[in-house]
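Here are some notes to read alongside the structure. Please keep the sequence and the 3D view open as you go through the points.

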Amino acid sequence: MTITSHEPATDYAPLTDADRREFHERGYLHLPGVVSEERVAELQAEADRLYEEHKAVGHLDKTGSLHLLGAVSHSLAFARMLDYGPTFRYIWGLAGWNIYSQHNHLDVNPPYEEDETPRWEWHQDGWRQNSDAEYYEAFYGNIPRPMLSLKVAIVLSDISEPGRGQTLCIPGSHLNNSMYRPTDPEEIAKGPEGAVPWLAKPGDAFIFDRRLWHSRSRNRSQFTRKMLFMSYTYRWIRPVDDMPIDRDSAWYAALTPVQRQLIGEAFGNLKVQNMWGVGEGGWIDDTIPLRAELKERGLLDRSIPWLR
Ligand SMILES: O=C(O)CCC(=O)C(=O)O
Ligand SMILES: [Fe+2]
């Protein structure tokens, strides 16, 4: 589809210390109405197009849901959300310039009435990161594992009433390395204490730390839930999604240098080392697009390690 929005893709407003504290205290932020109406309409149309395309070839699951990994490679409008100023300022502000999106997905979840044995779906993101990067507790004590990635969730349908398949989370739980896991079906069905559903309107966004304990929930309403999730991590961490990049495509040609970094491109002659933030000679590579962008705007900050 044609891109109709013309507002600048980037709005590099730095975070305040209070913004950072709020995020780190709660493990997530709800940003009401941050996505422009024009963009929301574009994203909804793309979500519907991709749903219909995947439905036509039988790629929905048994609940009729689409969970499309590597979503930004299927849509220019999605890829252009990677550095959408009002959400992206939290990403570089909290994680720095040496980042990309290793994992991003579109979720379209129609109502699903069928009764199912309830499953416990509470988790932290990152799979082996929750084991491999663990601190040796006998020596260090029980300290929170590292964040390593964070995610933007863009709301594309009205989920302002409970029961519409919202993501659930436990505020502040990102600092806990483990969570109680019941086996009793009744307890599983009831869910954990303190769970909060993300009630929101189209155009709202959530930013969340991958350590935040969260769960999907069943959509028992009459409304289809539509969300675009984009995770960002360091360039020295490998991709999660299979995201083949066609460098001859119109999609690729339309991406800005920062967007190309965010889909996982490396720059210069030393492509592998470049993922570590360096160029030839082993020096920090000031031409890495997001670093260059922040530097030009005077937003690198020696007092914040990831913005050095
Ligand atoms: O679909 C959802 O509500 C949650 C998905 C999830 O666990 C995630 O995006 O990390
Ligand atoms: Fe998750």
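1. Over how many bridges do strand β5 and β6 pair, and in which sense? Strand β5, residues 168-169, pairs with β6 over two bridges, in the antiparallel sense. If you would like a residue pair to look for there, C169 stands opposite V196 in β6. Please bear in mind throughout that this is a predicted model.

2. That pair belongs to an open sheet of three strands, ordered β6-β5-β8, with antiparallel pairing. The edges are taken by β6 (196-197) and β8 (214-215). Each of these has a single partner strand, so one of its sides has no neighbour in the sheet. As general background, strands of a sheet pair through backbone hydrogen bonds, either parallel or antiparallel.

3. Next, please find the open sheet of six strands, whose order is β1-β7-β4-β9-β3-β2. Here, too, the pairing is antiparallel. The edge strands are β1 (28-31) and β2 (66-69), each of which pairs on one side only. From one strand to the next, the twist averages 15°.

4. Within the six-stranded sheet, a good place to pause is the pairing of β3 (residues 99-109) with β9 (residues 225-234). These strands run antiparallel to one another and are joined over nine bridges. L106 is a handy marker, as it stands opposite L228 in β9.

5. Which helix packs on this sheet? It is α4, residues 85-95, which touches β1, β3, β4 (149-155), β7 (205-209) and β9. The direction of α4 makes about 170° with that of β4.

6. Now for the charged side chains: the structure holds 19 salt bridges. One of them joins K151 to D125, with the closest N and O atoms 3.6 Å apart. K151 lies in strand β4 and D125 in the loop between β3 and α5, so this salt bridge ties together parts that are 26 residues apart in sequence. Are the two partners buried or exposed? K151 has a relative accessible area of 6% and counts as buried, because the cut-off is under 20%. D125 is also buried, at 14%.

7. Another salt bridge to look up is the one in which the side chains of R211 and D209 meet, at 2.7 Å from N to O. Both R211 and D209 are buried.

8. For a contrast in setting, turn to E293 and R297, which form a salt bridge with their closest N and O atoms 3.0 Å apart. E293 is partly exposed, with a relative accessible area of 24%. R297 is partly exposed as well, at 39% relative accessibility. Elsewhere, E46, R49 and E53 are joined into one network by salt bridges that share partners.

9. Finally, have a look at the surface. Which residues form a nonpolar patch there? They are Y135, Y136, F139, Y140 and I143, and together they have about 590 Å² of accessible area. To find your way to the patch, start from Y135, in the loop between α5 (129-132) and α6 (137-140). The relative accessible area of Y135 is 35%, so this residue counts as partly exposed.

How values were computed. Residues are numbered from 1 along each chain as its sequence is written. Chains are lettered from A and ligands numbered from 1 in the order in which they are written. This is a predicted model: local features need pLDDT of at least 70, side-chain atom pairs count only at pLDDT 80 or more; totals for chains, interfaces and linings use all residues. Side-chain values use heavy atoms; hydrogens and water are left out. Two strands pair if DSSP finds at least two bridges between them. Helices (H or I, at least four residues) and strands (E, at least two) are DSSP runs, numbered from the N terminus. Axes are lines fitted to C-alpha atoms, for helices over the stretch in contact, and angles run from 0 to 180 degrees between N-to-C directions. Contact means heavy atoms within 4.5 Å. Patches are made of residues with over 30% relative accessible area and no salt bridge: like charges are joined within 9 Å, nonpolar side chains (Val, Leu, Ile, Met, Phe, Trp, Tyr) within 5 Å. Accessible areas come from the Shrake-Rupley method with a 1.4 Å probe; for residues, only the protein chains shown count as cover. A salt bridge is a side-chain nitrogen of Lys or Arg within 4 Å of a carboxyl oxygen of Asp or Glu. Buried means under 20% relative accessible area, exposed over 50%, partly exposed in between (1.4 Å probe, protein chains only).
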